[in-house]
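Trainee: I should like to learn how the boundary between two domains is read from a model. May we work through an example together?

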Amino acid sequence: MFKSNGQTTKVPTGISIVDTLLDGGMPNGDSFLIRAHPLADPLSMVIEFLHNQLKNGGVGVFLVNNKSPASVLEESAILKMGLRDFKRNGQLFFIDAYSALFGLRSNEAYFVEDPNNPVSVSKVVAQALSECSKKGKVFFVYDSLNTSIDEFGNAILAEANTWKRIAIAFNAILCFIYTEWNYPKDISEAVANLFSSIVDLITLERIVATQVVTVSKNEGTPVSKRMVPIKNAVTGGIKGYVPKILVTGPFHAGKTTLVHTLSTRAVSVQRMGTTVALDFGHVNHRGFTLDLFGTVGQPRFDPILERLGGEALGAILVVDSTKPEEFPRAKEMMHKAGVHGLPYVLAANKQDLPDALSVEEVKKKMNISDEVAIVGTVGTDKVSVVKVLDLLLDKILST
Amino acid sequence: MTHELLPSGIDLLDSALNGGFTKPSNFLLIGTPLSAKKEVGLILLNGGLERDEAAIYISTSNTAEEARSHWEDYGFKEQWEEEGRVKFVDCYSKMLSATVSDTPSIRRVPSILDYTKLSVAVNDWCTSYYLQNTPVRLMLDSLSAFLIYSSLQTVMRFLHIFLGQLRKQNALGFFLLEEGAHEIVTFNQLKTFSNGAIRVNEESNMMQLEGYRHGMNIPLPSAVVPKATAEASQVSCTPTK
């Protein structure tokens, strides 16, 4: 636990990407919203938050109103972030606002007998927060706010405001799950205004959905959205994910060596030492997983450039610093691959050769804008090629 | 967006539709309880599967295994599932037992109220088929079950997003709706989201088109109404008066 900006005490979520976006973590004694696009599933992220709090000795209170408590436990087991033992050990309590909807009783610690009545829900939440706070620091999950809005309309937001006051009194953290199902503007705005911090899970509007996480409000202040693409691994939790970085450049510039030096594992389709289809490398770096796609340099393979460049989030342009006559071809390949305009970093490669141009000379001869980072590299030197990747990642995340 | 005609799998229906369904589109399959609308839907899924398309069956009141077993009586082939072309999204099993697990062809959603998990599961399958360039037909059995536990407004909000995604992925959807179980306003609102409706009438053994080619009457397929086989084969499509 630490103080951000010397003001609010923060509790890390345990997911490094989210903690970075939240300037340290969740606001202590406050509430925050996980707002998800309908094609993004927020539950796994919340289970990871909760699991991390329980591991650190916290107490969990989990309200369910659209699934059974057993489903949540089962999902946590599938994610390898099992919550069952914490429940058994008296560290996790469910508020079951679901079973009664189907006329069933519940064996959970807290049971909402009349889930169709917001006051009835509110009473049980207040009781659970008050009782569980005596056992330790409470992390409370409300799953889901949108199901309650569907049922009660704006009335539930007034109740949520009351719970926020209780949270402040007990220094608890409240986390509300909310899926943005095309609600009228007044409801969406009322929900957004209720919370001082909002973590957004967004599905980018493409045919093939790509998920990103961002924070749109932090400690009451709207923040400029910095989107981080994520991958929700079936096991191992949420990681930053860059599904495609294109590595391109002229024939014999050193693309394959660079891909293999950077990658945790890599394969190349080659004939007699020359790449004839593509290089593929998988990289784990700075809490991110990244996939590198290296192109073929020879012009006769240009028809596949565009296909390889499709849906890339950034590019590494590799040039042989000893061959300035190839520089126009390098720029042409960026255009042909359709990645011109995306964040990219220029690797002025083969700096270990005696007749290599300096980074400044490469920049001048290629007429590259000051905004483009250029790094002098040696394909087999991990330090120099990782620097290329670091700069590119920073660029992708700041766009 | 290209508008491709897809044969339905029922010849007389194709005649009435001037060749087949426009893709992407979605149709309500309306009928009284036990009126064979589900079975008509299964035959429409079969029509796609026979043409190397894929099918997604969303079950809300039966387990996926029960749905498959019923489908077996109406032409289901194991081979389709083995080829990865049949998928089930099961919104029911986990309400009976939370520990029941997924399989390569079955995704279980925690409950019929968990619209997020449902839309994520369907989107995953549809995306995978889209990337394989395999056309997909989807059947939701049934919208009426959603309306038992959620308000019309909630279901409409869900459909607004859900159908938008299906359209992007160029899919063909069939949504079952119980006649007589809902108010007229519910029917009319749900119709605004569809390209048309197929009303199944068990008494006359006919299907009636609403919306596109409005009023066309088509005999039910013989597989659905075995007794009517002989008569159906003799009957042609007729406009209603």
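Trainee: How many residue pairs are in polar contact between domain 1 of chain A and domain 2 of chain A?

Mentor: One looks for suitable N or O atoms within 3.5 Å of each other across the boundary. In this predicted model, the count between domain 1 of chain A and domain 2 of chain A is zero residue pairs, with both residues required to be at pLDDT 80 or more. The count of salt bridges between these two domains is likewise zero.

Trainee: Which strand gives the largest share of the side of domain 1 of chain A that touches domain 2 of chain A?

Mentor: That is strand E13 of chain A, residues 228–233, which supplies four residues. In total, eight residues of domain 1 of chain A are in contact with eight residues of domain 2 of chain A.

Trainee: What area is buried between domain 1 of chain A and domain 2 of chain A?

Mentor: Buried area is summed over both parts. Here the value is about 820 Å², and carbon and sulfur atoms give 59% of it.

Trainee: Where do the domain bounds fall in chain A, and how far apart are the C-alpha centres?

Mentor: Domain 1 spans 2–235 and domain 2 spans 241–398. Their C-alpha centres lie 41 Å apart.

Trainee: How many helices and strands does chain B have, and what percentage of its residues is buried?

Mentor: Chain B has 10 helices and 12 strands. Of its 241 residues, 59% are buried, that is, under 20% relative accessible area. The exposed area of chain B is about 9,900 Å², with 51% supplied by carbon and sulfur atoms.

Technical notes. Residues are numbered from 1 along each chain as its sequence is written. Chains are lettered from A and ligands numbered from 1 in the order in which they are written. This is a predicted model: local features need pLDDT of at least 70, side-chain atom pairs count only at pLDDT 80 or more; totals for chains, interfaces and linings use all residues. Side-chain values use heavy atoms; hydrogens and water are left out. Helices (H or I, at least four residues) and strands (E, at least two) are DSSP runs, numbered from the N terminus. Buried means under 20% relative accessible area, exposed over 50%, partly exposed in between (1.4 Å probe, protein chains only). Accessible areas come from the Shrake-Rupley method with a 1.4 Å probe; for residues, only the protein chains shown count as cover. Domain bounds come from an automatic or database domain assignment. Contact means heavy atoms within 4.5 Å. Buried area is the accessible area (1.4 Å probe) that two parts lose on being put together, summed over both. A salt bridge is a side-chain nitrogen of Lys or Arg within 4 Å of a carboxyl oxygen of Asp or Glu. A polar contact is a pair of N or O atoms within 3.5 Å; within protein, one must be able to donate a hydrogen and the other to accept it, and residues adjacent in sequence count only if both atoms are side-chain atoms.
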